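Dear colleague,

I am passing on to you the structure below, and I would ask you to keep it open while you read the notes that follow it.

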Amino acid sequence: MTPVPPITDEDLASRAQRGDRQAFDELVDRYSIRLVRYLVLNCRVPLSEVEDLAQEVWLKAYRAIATRQPGPFRGWLFAIGTNASKDLFKSARFRKMQTSESLSEETYAQVGSDEDTLEQNEERV
């Protein structure tokens with residue numbers, strides 16, 4: 001009995017292009033963790049945003065799979081991820097989130113310095 005060769009990503013992508021939903025689901029299973037890792041480490045997507053962005057990438061990939069050109073699936077998927085992360089960074093929602101996080105850090109720094117001053121004053125008394 002000869003072993004069955006594993007199904008490649010490109011085979012799955014070709015099947016998904018022809019409408020095979022299970023093939024696309026298998027690609028999602030294979031690449032979900034890799035995509036999140038790529039978005040965080042290579043695209044610098046904040047952890048607070050990565051799950052939503054990954055879901056958006058998969059949705060875009062699903063919608064575009066029928067028009068995908070031949071080539072490595074991984075590169076195609078990560079290109080969608082790169083473009084989606086660029087869109088995120090340009091969005092007003094992201095800029096607003098960054099501003100409120102910066103304010104929180106400034107507030108925390110101010111609270112920390114107030115506590116240090118209070119402790120120093122208590123030590124003098």
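Apart from its neighbours within four places in sequence, Val45 is in contact with Leu39, Val40, Val50, Leu53, Ser85, Leu88 and Phe89; please bear in mind throughout that this is a predicted model. Val45 sits in the loop between α2 and α3, and its relative accessible area is 3%, which is under 20%, so Val45 counts as buried. Although Val45 and Lys86 are 41 residues apart along the chain, their C-alpha atoms are separated by 9.4 Å.

The two helices joined by that loop also pack together: α2 (residues 21-41) and α3 meet at an angle of about 145 degrees, with 10 Å between their axes, and their crossing is right-handed. On the α2 side the contact includes Phe24, Leu27, Tyr31 and Leu35, while among the residues that α3 brings to it are Leu47, Val50, Leu53 and Trp58. The residues of this contact comprise 16 nonpolar, one polar and one charged.

Finally, I would point you to Arg68, which is found in the loop between α3 (47-64) and α4 (73-90). Which side chain of opposite charge is nearest to Arg68, and how far away is it? It is that of Glu10, at 4.5 Å, and because a salt bridge requires a side-chain nitrogen within 4 Å of a carboxyl oxygen, Arg68 has no salt bridge although it is buried. Leaving out neighbours within four places in sequence, the residues in contact with Arg68 are Glu10, Ala13, Gln17, Phe73 and Trp76.

With kind regards

Notes: Residues numbered from 1 in each chain as written. Predicted model: local features only at pLDDT ≥ 70, side-chain atom pairs only at ≥ 80, totals over all residues. Heavy atoms only, no water. Helix = DSSP H or I, 4+ residues; strand = E, 2+ residues; numbered from the N terminus. Buried < 20%, exposed > 50% of the residue type's maximum accessible area, 1.4 Å probe, protein only. Lys, Arg positive; Asp, Glu negative; His and termini not counted. Contact = heavy atoms within 4.5 Å. Axes fitted to C-alpha atoms, helices over the stretch in contact; angles between N-to-C directions. Left-handed = near helix turned anticlockwise from the far one by under 90°. Nonpolar A, V, L, I, M, F, W, Y, C, P; charged D, E, K, R; others polar.
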